[in-house]
Amino acid sequence: MRCPSCQTENRAGTRFCVECGLRLPIASPAPPGATGTLPQQTVLQDRYVITQKLGQGGMGAVYRASDRRLSTVSWAVKEMSQSAITGPLERQRAREAFRREAEMLAALTHPNLPRVTDHFEQDGKAYLVMEYVPGETLLCFVQREGLPQPLPRVLEWARQLCDVLDYLHTQQPPIIFRDLKPANIMLTPHGQVKLIDFGIARVFKPGQARDTQAFGTIGYSAPEQYGRGQTDARSDVYALGVLLHQLLTGHDPTITPFRLPPATQLNPNVPAHISAALATATDTDPDRRFPNIRAFRDALFGTAAQVMIRTDAQPIGQVAAGGGAIYARPDSQPYSQPGSQPYGTGAPPATTGLANASRWIGIASVGMMGVATLLIFMSGGDLQEPLGSVGMFLSIPSFGGMLVAMTLGILALIRRPTGQTSSGRRHAIVGIATGSVALVLCCVIVVLIGSTE
Ligand SMILES: Nc1ncnc2c1ncn2[C@@H]1O[C@H](COP(=O)(O)OP(=O)(O)O)[C@@H](O)[C@H]1O
Ligand SMILES: [Mg+2]
C-alpha cells in the first residue's frame with residue numbers, strides 16, 4: 001500500500017507507514033476476480049514484473065511489465081476476469097476459447113499489430129502478454145491536438161489501418177476487429193498506428209460470444225452489430241469510414257449514430273471522392289458498402305490522394321507523444337506505383353458493369369436502328385418490299401436494346417458506385433443518349449410506315 005503522504009510503498013496489511021508513521025487507510029478488499037488491482041512489483045509466472053497500470057476497462061485491465069528473463073524488454077499484460085462465468089462447464093469452454101484465441105493472435109505478424117507472445121491463467125484470471133507499444137492512443141492524441149486533422153496525416157493513418165484490417169480479414173478464418181475507434185488505436189512517436197484491444201475478452205462474458213452490442217461502440221459500430229446478424233469485414237469497413245469521417249470533419253459520430261452528414265459539407269477541404277467513399281463505407285446497408293477493405297482503400301486513394309501522400313520521410317505533423325514528430329513512412333507510396341501490390345492500382349475503377357453495358361447496348365441498338373431506318377426509307381416505307389421487311393426485322397431487336405440501354409443507364413446514374421468511377425457516369429450518359437437517338441429513329445420508322453398506308 002502506497003502512503004498518501006510520503007508515497008512510500010508499504011507492505012500489504014501494514015497499519016502505519018514505515019517511513020513517516022502516518023496511519024494508513026484500510027484498503028477495502030477487492031472483490032474476487034476484480035481486475036486492475038495488481039500492485040507494482042507483482043510478479044506473474046515468475047517472469048513478468050508489473051511496473052505500471054496502463055488502462056482499466058469494464059472487462060479487464062492492462063499493465064506495463066518488465067521481464068525477468070529479458071531485462072531490456074517491456075510488455076503490455078492484459079488481465080481479464082473470469083468471475084462473470086459461473087458454471088464449471090462454461091468456465092472450461094471459456095478457458096479453451098481463450099487459449100484458442102490467444103494462440104490465434106500469437107500467430108499474427110503485422111507491423112500495425114502488437115505481437116502477442118504469451119498467455120496464462122493465474123488466481124482465477126486470464127492474462128495475455130503482448131508487445132508494449134510506446135506512444136498514446138489516437139483518442140488522447142486528438143483530444144490534445146483537436147479535430148479536424150490534416151488530410152495527409154489522416155490518409156497516412158488510413159493507409160496503415162486499411163493495410164492491417166485487410167491482413168486480418170484475409171486470415172483463415174477471417175478476423176473481424178469489431179471495435180475500431182480512437183481509443184483502440186495507438187500512435188507511436190514515429191507516426192505508426194497499432195491496433196490494440198482485440199475482442200478476446202468476450203470469451204469471458206457469458207452469452208456474449210456472438211456479435212452483440214457489448215463488443216462495439218455506439219457511433220462507430222455498424223448497425224448489424226446491434227442485432228442478431230453476424231458481422232463480417234463490412235462491419236470494419238463501416239467503423240473505418242466513421243473514424244476517418246470524424247478525423248477529417250470533427251463530427252462526433254456518437255451524437256448521430258448511423259447518420260453522418262457528407263464530409264465535404266462539414267469540411268470543404270475534404271475532396272469529393274473521399275467524401276463519396278466515406279458515404280459508401282458508412283451506408284447502413286452492408287450490401288451497399290464496399291464489399292471489403294481493398295475496395296474502400298481503392299476508392300480513398302484516388303488520383304487526388306496520390307498527389308497528397310508524401311513519399312519521403314518528411315515530418316507531416318506536429319509533435320506527437322514522446323516528443324517525436326509524425327512522419328510519413330518512406331513506403332507510403334502512391335498505390336499506383338510498383339511495389340504496392342497486392343492491392344491493385346489504387347486508381348478509381350474506370351466504370352461499372354451497368355454503365356458499360358448501357359453504353360455498348362445503346363451503341364449497338366442505335367446502329368441497328370439506323371440501318372433499319374435507312375432500309376425502310378429506301379423501300380418507301382413498304383414492308384412488303386424485301387428491303388422494308390429486312391428493316392422491320394432489324395428494328396425489333398434494336399427497339400429492345402434501346403429500352404435496355406436506357407434502363408441500365410438510368411440505374412447506373414442513380415447508383416452511388418458509378419459516381420466513384422472515373423468514366424462510369426459518362427458511359428451511362430452515352431447509353432441513355434444512344435438509346436434516345438434509337439427511340440427517335442424508331443419514331444421516324446413509324447412515320448415512314450404510316451405515310452405509305
Ligand atoms: N500493447 C499495448 N501497449 C501499450 N499500451 C497498451 C497496449 N494495449 C493496451 N494499452 C493501453 O491500455 C489501455 C486499455 O487497453 P485496451 O486493450 O483498449 O483495453 P480495454 O478497452 O478493454 O480497457 C489502452 O488505452 C492503452 O493505453
Ligand atoms: Mg479498448
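Two residues are in contact here if their C-beta atoms, placed from the backbone, lie within 7 Å. I start my notes with that cut-off, as the first entry leans on it.

**Entry 1: Val77 and its core**

I am working with a predicted model. I looked up Val77 and left aside its neighbours within four places in sequence; the contacts that remain are Leu44, Tyr48, Tyr63, Ala65, Tyr127 and Val129. I then asked which residues have the most contacts inside the largest nonpolar core. They are Val77, Leu240 and Phe296, in a core of 71 residues. Domain 1 (43-131) and domain 2 (147-312) each give at least three residues to this core. Apart from it lies another core, of 21 residues, and I noted Leu354, Ile376, Ala428 and Ile432 among them. A general reminder for myself: in soluble globular proteins, nonpolar side chains tend to be buried together.

**Entry 2: the whole chain**

Next I stepped back for the overall picture. I find 12 helices and 11 strands in the protein. The protein has 453 residues, and 39% of them count as buried. For contacts with a separation of 6 or more, I looked up how many join residues 24 or more positions apart, and the share is 59%.

**Entry 3: around ligand 1**

What surrounds ligand 1? I get 19 residues, and the closest are Gly55, Gly57, Val62, Ala76 and Asp197. Four elements give two or more residues to this shell: strand E2 (48-56), strand E3 (60-67), strand E4 (74-81) and strand E6 (125-131). By residue class, I have 11 nonpolar, five polar and three charged in the shell. Both domain 1 (43-131) and domain 2 (147-312) supply at least three residues to the shell.

**Entry 4: two helices**

I took helix H12 (residues 424-452) first. H12 has 29 residues and reaches 43 Å from its first C-alpha to its last, close to the 42 Å expected at 1.5 Å a residue. Which residues of H12 are buried? My list reads Gly424, His427, Ala428, Val430, Gly431, Ile432, Thr434, Gly435, Ala438, Leu441 and Ile445. Two of these names, Ala428 and Ile432, I had already met in the core of 21 residues. It helps me to recall that an α-helix has 3.6 residues a turn, so residues three or four places apart point the same way.

Helix H7 (residues 293-300) is mostly covered, with six of its eight residues buried. I wrote those down as Ile293, Phe296, Arg297, Asp298, Ala299 and Leu300. Phe296 is also one of the residues with the most contacts inside the largest nonpolar core.

**Entry 5: Asp166**

Asp166 sits in helix H3 (residues 151-169). Is Asp166 buried or partly exposed? I count Asp166 as partly exposed because it has 19 C-beta neighbours inside 10 Å, and a residue needs 20 or more to be buried. Leaving out residues up to four places away in sequence, Asp166 touches Ile293 and Arg294. I also checked Asp166 against Ala233: the pair is 67 residues apart in sequence, and their C-alpha atoms are 8.7 Å apart in space.

**Entry 6: Asn184**

I found Asn184 in the loop between H3 and strand E8. Asn184 is buried, because 22 other C-beta atoms lie within 10 Å. Residues up to four places away aside, Asn184 touches Asp179, Leu195, Ile196 and Asp197. Asp197 is a name I know from the closest residues to ligand 1. From Asn184 to Leu195 I read 6.2 Å, C-alpha to C-alpha, with their positions 11 residues apart in sequence.

**Entry 7: backbone oddities**

Most residues other than glycine have a negative phi, and most peptide bonds are trans. With that in mind, I looked for exceptions.

- Leu147 and Pro148 are joined by a cis peptide bond, with omega about 0°; Pro148 is in the loop between helix H2 (138-145) and H3.
- From Gln172 to Pro173 the peptide bond is cis as well, and omega is near -5°; Pro173 lies in the loop between H3 and strand E8 (185-187).
- Gln41 has a positive phi, near 75°, and lies in the segment before strand E1 (43-44). I count Gln41 as exposed because 10 other C-beta atoms lie within 10 Å.
- Asp46 has a positive phi, near 60°, and is found in the loop between E1 and E2. Asp46 counts as exposed because it has 8 C-beta neighbours inside 10 Å.

Conventions. Residues numbered from 1 in each chain as written. Chains lettered and ligands numbered in written order. Predicted model: local features only at pLDDT ≥ 70, side-chain atom pairs only at ≥ 80, totals over all residues. Buried ≥ 20, exposed ≤ 12 C-beta atoms within 10 Å, placed from the backbone. Near = placed C-beta within 6 Å. Nonpolar A, V, L, I, M, F, W, Y, C, P; charged D, E, K, R; others polar. Domains from an automatic or database assignment. Core = buried A, V, L, I, M, F, W, Y, C linked by C-beta atoms within 7 Å. Expected span 1.5 Å × (residues − 1).
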